[in-house]
Amino acid sequence: MQSNPDQSGQTGGPPGGYRFAVITMSDKGVRGERQDTSGPALRELFEAAGYRFCHYALVADAIPAIVAAVTTAIDRDRADLVLTTGGTGVSPSDVTPEAMDQLFDREIPGIAEAMRAASLAITPQAVLSRGRAGIRGQSLIVNLPGSRKAALENVAAVMAAFPHALDKIKGSPADCATLSKQ
Ligand SMILES: Nc1ncnc2c1ncn2[C@@H]1O[C@H](COP(=O)(O)OP(=O)(O)OP(=O)(O)O)[C@@H](O)[C@H]1O
Ligand SMILES: Nc1nc2c(c(=O)[nH]1)N[C@H]1C(S)=C(S)[C@@H](COP(=O)(O)O)O[C@H]1N2
């Protein structure tokens, strides 16, 4: 699915055609000890940006659970974009980045680099997020930190690139040079 190719075949407009999933990794959330405020905030942000919500899951910080949730979002619910929140840090229980080893066909290091660089201007703790971004099939997966504040700050640094990223991941011939002039 391409987002909004115009008459000239260019893409990168409003991302109305793309479906997104939100997956929260939180042991405390699964145990009922913490309300997930990050997942709903991401849903609200991306719906307001024109994406179509298709999947939500709250899962434990465990690699098999994370892999199962992401594959369900992509294979069953046809998510083009999967946003994960939580489990990116350096606690023994934080395994979201390790789970990506089983999910990514190709990594996109620049997305994570940009999130950490922008976040470092906000807090020195930004370097503690080990979040990654990558491609599975024709879907984009992006790891965000767990707190609502951190998740929103991180995604704000990169979400402008998502429509064109999704277009290209799905094989659009859209010309990057045209976009870079904007
Ligand atoms: N889903 C969430 N919704 C709201 N706040 C969150 C969420 N996940 C984490 N946080 C906040 O971010 C902080 C850091 O998250 P982190 O995952 O490192 O904590 P944690 O204590 O290991 O949580 P958990 O056991 O739920 O994974 C937490 O103290 C909490 O305030
Ligand atoms: N922009 C931004 N990035 C941030 C933060 C933040 O408050 N703002 N918090 C950091 C902290 S304190 C941690 S521990 C890591 C990892 O968070 P996670 O373990 O909840 O995924 O994200 C970091 N990245």
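What share of the 182 residues in the chain is buried? In this predicted model, buried residues account for 40% of the chain. The radius of gyration is 16 Å, which agrees with the value near 16 Å that a compact globule of 182 residues would have. Along the principal axes, the C-alpha trace extends over about 50 × 40 × 30 Å.

The secondary structure comprises eight helices and six strands. From the beginning of the sequence to its end, these elements follow the order β-α-α-β-α-β-α-β-α-β-β-α-α-α. Contacts across the sequence were also examined: among those with a separation of 6 or more, 70% join residues that lie 24 or more positions apart.

Helix H3 illustrates how one element is placed within the chain. This helix covers residues 63–76, 14 residues in total, and its first and last C-alpha atoms are 19 Å apart, close to the 20 Å expected at 1.5 Å a residue. Its buried residues are Ile66, Ala69, Val70, Ala73 and Ile74. Because these residues cover an arc of only 120° around the axis, they lie on the same side of H3. The face turned away from this buried side carries Pro64, Asp75 and Arg76, which are exposed. The cover over the buried residues of H3 is drawn from several elements, including strands S1 (19–25), S2 (52–59), S3 (81–85), S5 (133–136) and S6 (139–144), together with helix H4 (96–100). Just beyond the end of H3, Arg78 adopts a positive phi of about 55°.

The model also contains ligands, and the residues around two of them were characterised. Ligand 1 is surrounded by 18 residues, of which Ser26, Asp27, Lys28, Gly146 and Ser147 are the closest. Helix H1 (residues 27–30) makes the greatest contribution to this shell, with three residues. In terms of residue class, twelve members of the shell around ligand 1 are polar and six are charged, while none is nonpolar.

Around ligand 2 there are 19 residues, and those that come nearest are Thr88, Gly89, Ser119, Gly146 and Glu153. The largest share of this shell is supplied by helix H6 (residues 148–156), which provides four residues. The shell around ligand 2 consists of eleven polar, five nonpolar and three charged residues. Gly146 is thus listed among the closest residues to ligand 1 and also among the nearest to ligand 2.

Methods: Residues numbered from 1 in each chain as written. Chains lettered and ligands numbered in written order. Predicted model: local features only at pLDDT ≥ 70, side-chain atom pairs only at ≥ 80, totals over all residues. Helix = DSSP H or I, 4+ residues; strand = E, 2+ residues; numbered from the N terminus. Rg over C-alpha atoms; globule rule 2.2 N^0.38 Å. Buried ≥ 20, exposed ≤ 12 C-beta atoms within 10 Å, placed from the backbone. Contact = placed C-beta atoms within 7 Å. Near = placed C-beta within 6 Å. Nonpolar A, V, L, I, M, F, W, Y, C, P; charged D, E, K, R; others polar. Expected span 1.5 Å × (residues − 1). Arc of directions from axis to C-beta.
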